[in-house]
Amino acid sequence: MASFKKYPANNKQGYKWGCIKEGPPDPVTGKRKQIERRGDTKKEAEARCDEAISKLTEFGIDEKKLKSLTFERVAEEWLDVYSRTGKKPGTLRLRRNSIKTLNSFIGQMSIDRIAPRDHQRILNKLHDEGYAKPTIEGVHVTANLIYQHAVKERYRRDNPAKGAVIPVRRRTVEEIESNPIEEKYLERAELNTLLDAAVKHGLELDQEILFLMAFSGMRMGEVLALKWSDINFDTGFVRVTKTLYSETNNMRVYELLPPKTNASIREFDVDTKILAMLKAHKKRQAIVKLATRHLIEDYHDENFVFRHDNGYPWAPKQLANRLERLVRKAGITKKATSHIFRHTHVSMLSEAEIPLSTIMQRVGHDDPDTTLKIYTHVTDKMKKDAGQKVSASFADILSGLALPKM
């Protein structure tokens with residue numbers, strides 16, 4: 001049974017109607033409570049009242065409470081749960097950044113008032129402002145997880161991120177013709193120039209770390225987490241079981257985490273010259289340790305391969321700065337971050353005619369698409385080179401070919 005009230009309002013009629021009905025019992029106390037909603041007409045007010053009662057009855061959603069429940073609060077609630085699921089610090093940092101972006105658009109909106117068009121508008125705006133596709137995808141995935149949490153907690157009935165479209169920038173003719181896969185790895189001449197710069201102009205350990213990365217395909221974090229116990233000089237194998245993470249790039253504040261994927265846990269053989277170089281480094285390092293350890297109060301004795309005199313490992317930023325310096329010295333124009341060595345190693349293995357499956361296992365690759373593109377690109381070039389080599393070898397026979405006159 002409904003009852004109605006009149007309320008003053010600034011509309012043509014000068015008043016609004018309020019509809020009052022008895023709602024479902026409270027699940028905790030068992031007491032029934034009255035639900036009131038307003039509208040310009042009795043019919044509108046009653047329809048809103050019935051909708052609110054329906055939400056409480058079918059979904060347990062209390063609209064009155066949801067008015068003060070903002071997206072920002074729900075995002076914080078979700079992140080608190082998500083952060084306890086064993087996610088890596090880097091993943092959590094990306095999720096926090098995505099939430100910060102989302103909050104700038106809908107942080108203060110009631111969680112139940114966000115519509116699919118609101119979410120699509122965010123993605124479109126980020127695209128218009130020139131954000132990279134992975135960043136936009138990260139925002140979308142994070143929002144999707146938060147909305148799933150909201151549905152589970154009965155803060156809303158649906159997921160407004162479902163069915164959203166990730167905007168895609170159309171590639172230009174110049175980008176297509178530039179063959180961007182070649183920008184992802186160093187050609188043999190470029191690699192030789194860069195490693196030569198490490199030998200001639202490198203700072204301490206630049207040569208050791210860059211040669212190891214080039215001839216192993218290890219990630220930056222994997223190299224920095226490497227300990228002497230991970231290198232077997234008798235068998236010539238290196239094992240990867242961890243990666244170093246340092247959000248602040250403070251050498252004293254770091255974490256050793258499991259590798260990026262299960263496939264990243266691996267063992268592989270290393271060239272004997274690389275092993276000899278590392279063995280020589282180990283001997284020099286032992287001498288320095290013997291001479292300085294007793295002089296350093298907080299010596300960090302964790303057996304890292306690439307470490308400071310106080311025993312603490314290199315921070316990622318230090319390696320990135322070293323590489324950037326040598327790239328300038330070598331005159332390399334490609335965007336040569338530490339990750340380019342992984343792709344370069346894939347190209348080296350491809351050129352050596354190593355099967356693709358073996359390459360994937362060796363580098364513990366998490367991006368099979370990129371690996372396949374590099375492998376295909378290099379092997380296609382080799383096929384062309386093979387034809388040229390045959391032509392050169394049998395030039396004497398080809399010279400006798402009678403060509404038709406044009």
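Is Asp50 buried, partly exposed or exposed? Select Asp50 in this predicted model and keep the question in mind during the first stops.

**The whole chain**

Begin with everything displayed. The protein chain contains 16 helices and 8 strands. Of its 406 residues, 40% count as buried. Colour by atom type on a surface view: the accessible surface comes to about 24,200 Å², and carbon and sulfur atoms hold 52% of that area. Among contacts with a separation of 6 or more, 60% are between residues 24 or more positions apart.

**Asp50 and Lys21**

Return to Asp50 and add Lys21 to the selection. The two form a salt bridge, with 2.7 Å between the closest N and O atoms. This pair links distant parts of the chain: Asp50 lies in helix H1 (residues 42-59) and Lys21 in strand S2 (residues 15-25), 29 residues apart. Side chains of opposite charge can pair when their charged atoms come close.

Now for the opening question. Asp50 has a relative accessibility of 35%, so Asp50 counts as partly exposed. Its partner Lys21 has a relative accessible area of 15% and is therefore buried, because the cut-off for buried is under 20%.

Next, add Glu46. Lys21, Glu46 and Asp50 are linked in a network of salt bridges.

**Asp80 and Arg84**

Clear the selection and pick Asp80 together with Arg84. What joins Asp80 to Arg84? A salt bridge does, its closest N and O atoms being 2.9 Å apart. Asp80 is partly exposed, at 39% relative accessible area. Arg84 has a relative accessible area of 63%, so Arg84 is exposed; the cut-off for exposed is over 50%.

**Glu324 and Arg328**

Move to helix H12, residues 316-330, and select Glu324 and Arg328. Their side chains meet in a salt bridge, at 3.4 Å from N to O. How many residues apart are Glu324 and Arg328 in the helix? They are 4 residues apart, so about one helical turn separates them.

Switch on the surface here as well. Glu324 counts as partly exposed, since its relative accessibility is 46%. Arg328 is exposed, with 59% relative accessible area.

**Last view**

Finally, show every Lys, Arg, Asp and Glu side chain. How many salt bridges does the count come to? The count comes to 25 salt bridges. Those visited on this tour include Asp50 with Lys21, Asp80 with Arg84, and Glu324 with Arg328.

Note on methods. Residues are numbered from 1 along each chain as its sequence is written. This is a predicted model: local features need pLDDT of at least 70, side-chain atom pairs count only at pLDDT 80 or more; totals for chains, interfaces and linings use all residues. Side-chain values use heavy atoms; hydrogens and water are left out. A salt bridge is a side-chain nitrogen of Lys or Arg within 4 Å of a carboxyl oxygen of Asp or Glu. Helices (H or I, at least four residues) and strands (E, at least two) are DSSP runs, numbered from the N terminus. Buried means under 20% relative accessible area, exposed over 50%, partly exposed in between (1.4 Å probe, protein chains only). Contact means heavy atoms within 4.5 Å. Accessible areas come from the Shrake-Rupley method with a 1.4 Å probe; for residues, only the protein chains shown count as cover.
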